[in-house]
Amino acid sequence: MLQLPKTCYIGLALSALATPAAASEMFASDSPWMLGDWGGTRSELLEKGYDFTLGYTGEMGSNLHGGFDHDRTARYSDQFTFGSHLDLDKIFGWHDTEFQLTLTERHGDNISNDRINDPRVGGFTSAQEVWGRGETWRLTQMWIKQKYFEGALDVKFGRFGEGEDFNSFPCDFQNLAFCGSQVGNWVGGIWYNWPVSQWALRVRYNLSDTLYTQVGVFEQNPSNLESGNGFKLSGSDTQGAVMPVELVWTPRIQGLKGEYRAGYYYSNAKAQDVLKDSNGQPAALSGAAYRSSSSKHGMWLGAQQQVTSLASDQSRGLSLFANATVHDKKTNAIDNYVQAGLVYKGPFDARAKDDIGFALARVHVNPAYRKNARLANQAAGLYDYDNPGFLPVQDTEYSAELYYGIHLADWLTVRPNLQYIRHPGGVSQVDGALIGGLKIQSSF
């Protein structure tokens with residue numbers, strides 16, 4: 001019998017304490033903070049420009065059926081977030097200026113690593129998105145932002161990740177294919193999503209109230225990914241820069257909110273070809289080093305649109321979303337990705353703040369990358385998938401997730417979910433996997 005980690009029970013126990021008491025009290029269901037308003041101190045600090053946050057995300061995943069290893073178990077991973085946001089206009093009189101400092105700590109295990117995916121090649125999606133980039137503390141945000149020309153121009157500088165501003169997407173689903181910036185999931189060697197940060201500059205210009213364009217320059221430094229470099233500030237080992245540009249439209253269609261994004265990224269750092277050597281021959285057969293490309297690039301499209309609402313509460317209703325990315329076939333394992341889904345907020349009058357989500361995704365492997373794996377097996381004289389030395393050939397992975405978000409309090413949401421992954425890691429020999437999940441999001 002599977003047992004939930006202690007952290008799950010703690011979260012459920014805390015939810016039971018939530019009462020309809022005043023929002024300033026601890027465990028009040030209508031408070032944004034589990035620990036309340038600290039006797040009014042928190043609200044006073046907010047008025048003066050100081051906002052301190054402590055967040056927690058925990059995710060459990062269990063392989064209910066299928067996958068690479070049918071031995072059933074459950075894994076738990078989580079993240080603590082410690083943040084401070086300062087309104088420097090209120091504090092120092094610096095007009096339209098903000099400062100953000102965020103530390104994160106991750107630890108735990110991921111069911112995808114050895115139960116769902118073939119460990120010889122790993123996977124693409126992850127059943128527990130909060131797992132990744134090392135069990136360590138990190139400086140995730142340290143930036144200053146200032147607006148000019150009555151807010152038309154917005155400049156942000158410091159340490160942060162691309163997905164904070166570019167190709168941004170919410171993270172209510174537990175499967176990585178439906179959470180956060182998808183470009184970072186498929187070119188993770190150059191585009192670093194949360195919780196990794198790097199030196200960066202982002203400039204945004206508001207063309208109108210509903211349309212803006214932005215461009216960024218981000219340090220491409222693989223050493224920032226290492227667990228021991230969570231607080232590294234030097235630029236040593238920098239290989240180049242990632243430069244994204246994006247156009248964002250945020251209309252209200254018949255009064256309902258929407259967001260539409262189109263963007264392109266370019267990296268000027270050297271990138272390794274996935275198939276050929278410097279002579280244009282398959283490196284897996286020639287034995288020579290894979291040739292180097294002078295750059296790497298790709299693009300993305302994203303759309304979110306609320307399509308229905310209730311007259312009594314416009315926040316309740318159905319929203320649709322879709323995302324797609326395309327990547328450089330010479331240098332990237334994934335050449336394209338598509339995803340679509342829906343979220344319904346407030347499905348029942350008695351549960352007006354609950355939400356239901358469903359999504360589907362397809363991750364497609366670059367044919368040249370696939371060919372390289374076949375040639376590597378040929379060169380090694382390996383043709384049996386069950387041979388430990390065989391390199392599984394990856395093609396297309398499909399993912400689906402259905403969740404129900406239980407809004408237990410304004411500071412606590414629990415989302416039980418079911419996920420199904422067909423051809424995990426794009427390996428057709430791996431059985432389709434059914435995964436039971438539980439995502440806990442809380443603010444202290």
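Here is a walk through two hollow spaces in this predicted model, an open pocket and an enclosed cavity. Residues are numbered from 1 along each chain as its sequence is written, and side-chain values use heavy atoms, with hydrogens and water left out. Since the model is predicted, local features need pLDDT of at least 70 and side-chain atom pairs count only at pLDDT 80 or more, while totals for chains, interfaces and linings use all residues.

Let's start with the second largest pocket (on a 1 Å grid over the protein atoms alone, an open set of points with protein on both sides within 12 Å along at least five of seven lines). Its volume is about 670 Å³, counted as the space filled by probe spheres set on the points, which are joined across faces, edges and corners. Its lining (residues with an atom within 4 Å of a point) runs to 28 residues, with Pro170, Gln304, Gln306, Ser319 and Lys345 nearest the centre. Strands E10 (256-267), E13 (296-306), E14 (317-327) and E15 (334-345) each bring at least two lining residues, and E14 gives the most, with 4. Strands here are DSSP runs of E, at least two residues long, numbered from the N terminus.

Now for the enclosed spaces. A cavity is a set of grid points where a 1.4 Å probe fits but cannot get out, and there are 3 of 30 Å³ or more. The largest cavity holds about 60 Å³. Ser168, Arg261, Gly302, Ala303 and Asn323 lie nearest its centre, out of 13 lining residues. E10, E13 and E14 each supply at least two of that lining, with the largest share, 5 residues, coming from E13.
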